[in-house]
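Grab a pencil and work through these exercises one at a time. Try each task on your own before you read the solution under it.

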Amino acid sequence: MRDAIELEWAGVPSVALIHTAMAGSADSMKRLSGVPDYPYLTVTYPHIPTAHWTADEAKEIAKALAPKVIKALTKKRA
């Protein structure tokens, strides 16, 4: 989360991908960083939070999230 926020501060459009199990920590980092409304995308179960996924799982997640990542990276920033 913090990496994406710092990249944004440096002018690099970024998207954080967070497992839903880590959403509370991501939200805390957003608040501590002073950007409570910074968006992120989520990966959820049945994919495990440790990201030790098979190649097929990783492809499935990438296929599902890629359009959302593109949309987030290409939207106008305030």
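## Exercises on a predicted model

The accessible surface of the protein chain adds up to about 5500 Å², and carbon and sulfur atoms own 62% of that. Keep in mind that you're looking at a predicted model.

### Exercise 1: Get your bearings

**Task.** Find how many helices and strands the protein chain has, and in what pattern they follow each other.

**Solution.**
- Step 1: Count the elements. You should get 3 helices and 2 strands.
- Step 2: Now read along the sequence. The pattern is α-β-α-β-α.
- Step 3: Add the dimensions. Along the principal axes, the C-alpha atoms fill a box of roughly 35 × 25 × 15 Å.
- Step 4: Look at who touches whom. Of the contacts with a separation of 6 or more, 62% are between residues 24 or more positions apart.

### Exercise 2: Sort out the charges

**Task.** Work out how many positive and negative side chains there are, and how far apart the centres of the two sets lie.

**Solution.**
- Step 1: Tally the side chains. The protein chain has 10 positive and 8 negative ones.
- Step 2: Take the centre of each set. These two centres lie 8 Å apart.

### Exercise 3: Find the core

**Task.** List the residues of the largest nonpolar core, then say which elements give two or more residues to it.

**Solution.**
- Step 1: Begin with the buried residues, which make up 26% of the 78 residues in the chain.
- Step 2: Pick out the largest nonpolar core. Its 9 residues are Met 1, Ala 4, Ile 5, Ala 16, Ile 18, Ala 23, Ala 26, Tyr 38 and Tyr 40.
- Step 3: Match them to elements. Helix H1 (2-9) and helix H2 (23-32) are the ones giving two or more residues to this core.
- Step 4: Link this to a broader trend. In soluble globular proteins, nonpolar side chains tend to be buried together.
- Step 5: Zoom in on one member. Beyond four places in sequence, Ala 4 touches Ser 14, Val 15, Ala 16 and Tyr 38.

### Exercise 4: Buried or exposed?

**Task.** Decide whether Lys 30 is buried or exposed, and do the same for Asp 37.

**Solution.**
- Step 1: Recall the cut-offs: buried means under 20% relative accessible area, and exposed means over 50%.
- Step 2: Take Lys 30, which sits in helix H2. Its relative accessibility is 8%, so Lys 30 counts as buried.
- Step 3: See what surrounds Lys 30. Setting aside neighbours within four places in sequence, Lys 30 is in contact with Met 1, Ile 5, Val 35, Pro 36, Tyr 38 and Tyr 40.
- Step 4: Move to Asp 37, in the loop between H2 and E2. Its relative accessible area is 73%, so Asp 37 is exposed.

### Exercise 5: Polar partners in a loop

**Task.** Find what the side chains of Ser 33 and Tyr 40 reach or join.

**Solution.**
- Step 1: Locate Ser 33 in the loop between H2 and E2. Ser 33 is buried, at 10% relative accessible area.
- Step 2: Follow the side chain of Ser 33. It reaches the backbone oxygen of Met 29 at 2.8 Å.
- Step 3: Check contacts beyond four places in sequence. Ser 33 touches Arg 2, Ile 5 and Trp 9.
- Step 4: Tyr 40 is also in the loop between H2 and E2. A 2.9 Å polar contact joins its side chain to that of Asp 27.
- Step 5: Add the other neighbours of Tyr 40. Among them, beyond four places in sequence, are Met 1, Ala 16 and Lys 30.

### Exercise 6: Strands and a cis bond

**Task.** Say what His 19 and Val 43 are in contact with, and which residues a cis peptide bond joins.

**Solution.**
- Step 1: Place both residues. His 19 lies in strand E1 (residues 17-19), and Val 43 is in strand E2.
- Step 2: Check burial. His 19 is buried at 6%, and Val 43 is buried at 8%.
- Step 3: List contacts beyond four places in sequence. Val 43 has Ile 18, His 19, Thr 20, Trp 53, Ile 61 and Leu 65. His 19 has Val 43, Thr 44, Tyr 45, His 47, Ile 48 and Pro 49.
- Step 4: Find the cis bond. It joins Tyr 45 and Pro 46, with omega about 20°.
- Step 5: Place Pro 46 in the loop between strand E2 (41-43) and helix H3 (55-74).

Definitions and conventions: Residues numbered from 1 in each chain as written. Predicted model: local features only at pLDDT ≥ 70, side-chain atom pairs only at ≥ 80, totals over all residues. Heavy atoms only, no water. Helix = DSSP H or I, 4+ residues; strand = E, 2+ residues; numbered from the N terminus. Buried < 20%, exposed > 50% of the residue type's maximum accessible area, 1.4 Å probe, protein only. Contact = heavy atoms within 4.5 Å. Areas by Shrake-Rupley, 256 points an atom, 1.4 Å probe, with all protein chains shown as cover. Lys, Arg positive; Asp, Glu negative; His and termini not counted. Charge placed at Lys NZ, Arg CZ, Asp CG, Glu CD. Core = buried A, V, L, I, M, F, W, Y, C linked by side-chain atoms within 4.5 Å. Polar contact = N/O pair within 3.5 Å; in protein donor to acceptor, adjacent residues only side chain to side chain.
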